[in-house]
Amino acid sequence: MLSIPLTDSTFRDLRDYIYEKCGIYISDTKKYLIENRLSRILQEKNLNSFEKYLELIKFHSNGKEMNRLFDAITTNETYFFREPEQLDVLVNEVLPAVSSQKRNIKIWSAACSSGEEPFTISIMLKNKFLNNSQFEIIGSDLSESVLHSAKQAVYNSYSVRNVDASYLGKYFAAQDKSYILKDEIKRTVQFTKVNLIDESTLRLIRNVDIILCRNVLIYFDTKAKQKVISNLYNALNPGGYLIIGSSESLHSVTRAFRPSTINKVVLYQKL
Ligand SMILES: C[S@@+](CC[C@H](N)C(=O)[O-])C[C@H]1O[C@@H](n2cnc3c(N)ncnc32)[C@H](O)[C@@H]1O
């Protein structure tokens, strides 16, 4: 594949456009990332310069073009039972406390990529509470291609490497090199497209009791984090909880939540 040159000034224009649309901030040192990830799109479209591509997405783009851009620039790394300490606290401490107060509990995995996170929660709930019909689980992401995979719920060995053998046998059907999630778990999660920076799409999700927004804030700068966190705050019920990735922090982002720690896991509660 021949590489197409990206000038510093067009890189900055592209970077600013991406930032405006989804909050992902690409620093100067990551210029190669744009070059690598977008070159394929340019070639498919028979465009011989990034300037032409920029013009296309800015002025002649339909939703499809934007989705293709989002698919290309997002990093979708995820797997079942990621950061299990947080999930244990969620299922063993937070949920029993919340479910003693109310019957129907809404859990939202915001930026869920290909669905491993919300499906992990569903598996854990099934084992802890047996009847998981009192829980509504929503999974959302910006990228349509990962949401498509989430709806298929067919995984590879990398994705399930942390799944306990007993769960693997119980909730997945192995076929060739794939692990097909069984219907009893698959049907418990509703997937929808949500851009966390975009208030208008976020307004569709309200009255949430628990939000997991893990390993996505790292792609935003402080200003975008503030916007996203404020959007998530508005989606939560009073008393609801937010859990972010264990390497992420809300320091210098917001003071609206009351932080607490259980078993070294930080929880942010809406007052
Ligand atoms: C690294 S994955 C994290 C997946 C999962 N939460 C986990 O911790 O395993 C980050 C996800 O955030 C999504 N993302 C990035 N920017 C977003 C935005 N503005 N709105 C919604 N999702 C976004 C990406 O598409 C990607 O799937």
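Okay, a definition before anything else: when I say "domain", the bounds come from an automatic or database domain assignment. With that in hand, the centres of domain 1 and domain 2, taken over C-alpha atoms, are separated by 29 Å. And please keep in mind that what's on the screen is a predicted model.

So, the two domains. The assignment puts domain 1 at 8-73 and domain 2 at 84-270. How do they touch? On the domain 1 side, seven residues are in contact with 13 residues of domain 2. Helix α4, residues 63-73, supplies the largest share of that domain 1 side, with three residues. If you sort the touching side of domain 1 by class, you get four nonpolar residues, two polar and one charged.

Let me zoom out for a second. Overall we have 11 helices and 10 strands in the protein. Along the principal axes, the C-alpha atoms fill a box of roughly 60 × 50 × 30 Å. The radius of gyration is 20 Å, and for 271 residues a compact globule would come out near 18 Å, so the two agree.

Now the sheets, starting with the seven-stranded one. This sheet is open, the pairing is mixed, and the order runs β6-β2-β1-β7-β8-β10-β9. Which strands stand at the edges? Those are β6, at 189-193, and β9, at 257-262; each has a single partner strand, so one side of each has no neighbour in the sheet. From one strand to the next, the twist averages 25°.

If you want a pair to look at in there, take β7 and β8. Strand β7 covers residues 208-213, strand β8 covers residues 236-244, and they pair in the parallel sense over five bridges. To find your place, click on C213: its bridge partner in β8 is I244.

There's also an open sheet of three strands, in the order β3-β5-β4, and here the pairing is antiparallel. The edge strands are β3, at 154-155, and β4, and each of them pairs on one side only. Strand β4, residues 172-175, runs antiparallel to strand β5, residues 178-181, with four bridges between the two. A174 is the residue standing opposite Y179 in β5. These two strands, β4 and β5, make a hairpin with two residues between them, and in the turn D176 has a positive phi of about 50°.

Last stop, the ligand. There are 25 residues around the ligand, and the ones that come nearest are T74, T78, A111, S113 and L142. What classes make up that shell? We get 11 nonpolar residues, nine polar and five charged. And where does the shell come from? Both domains contribute: at least three residues come from domain 1 (8-73), and at least three from domain 2 (84-270).

That's the tour. If you take one picture home, make it this one: two domains in the assignment, with a ligand shell that draws on each of them. Happy to go back to any of the views.

Terms used. Residues are numbered from 1 along each chain as its sequence is written. This is a predicted model: local features need pLDDT of at least 70, side-chain atom pairs count only at pLDDT 80 or more; totals for chains, interfaces and linings use all residues. A residue is near a molecule or strand if its C-beta atom, placed from the backbone, lies within 6 Å of it. Ala, Val, Leu, Ile, Met, Phe, Trp, Tyr, Cys and Pro count as nonpolar, Asp, Glu, Lys and Arg as charged, and the others, Gly among them, as polar. Two strands pair if DSSP finds at least two bridges between them. Axes are lines fitted to C-alpha atoms, for helices over the stretch in contact, and angles run from 0 to 180 degrees between N-to-C directions. Two residues are in contact if their C-beta atoms, placed from the backbone, lie within 7 Å. The radius of gyration is taken over C-alpha atoms; the globule rule is 2.2 Å times the number of residues to the power 0.38.
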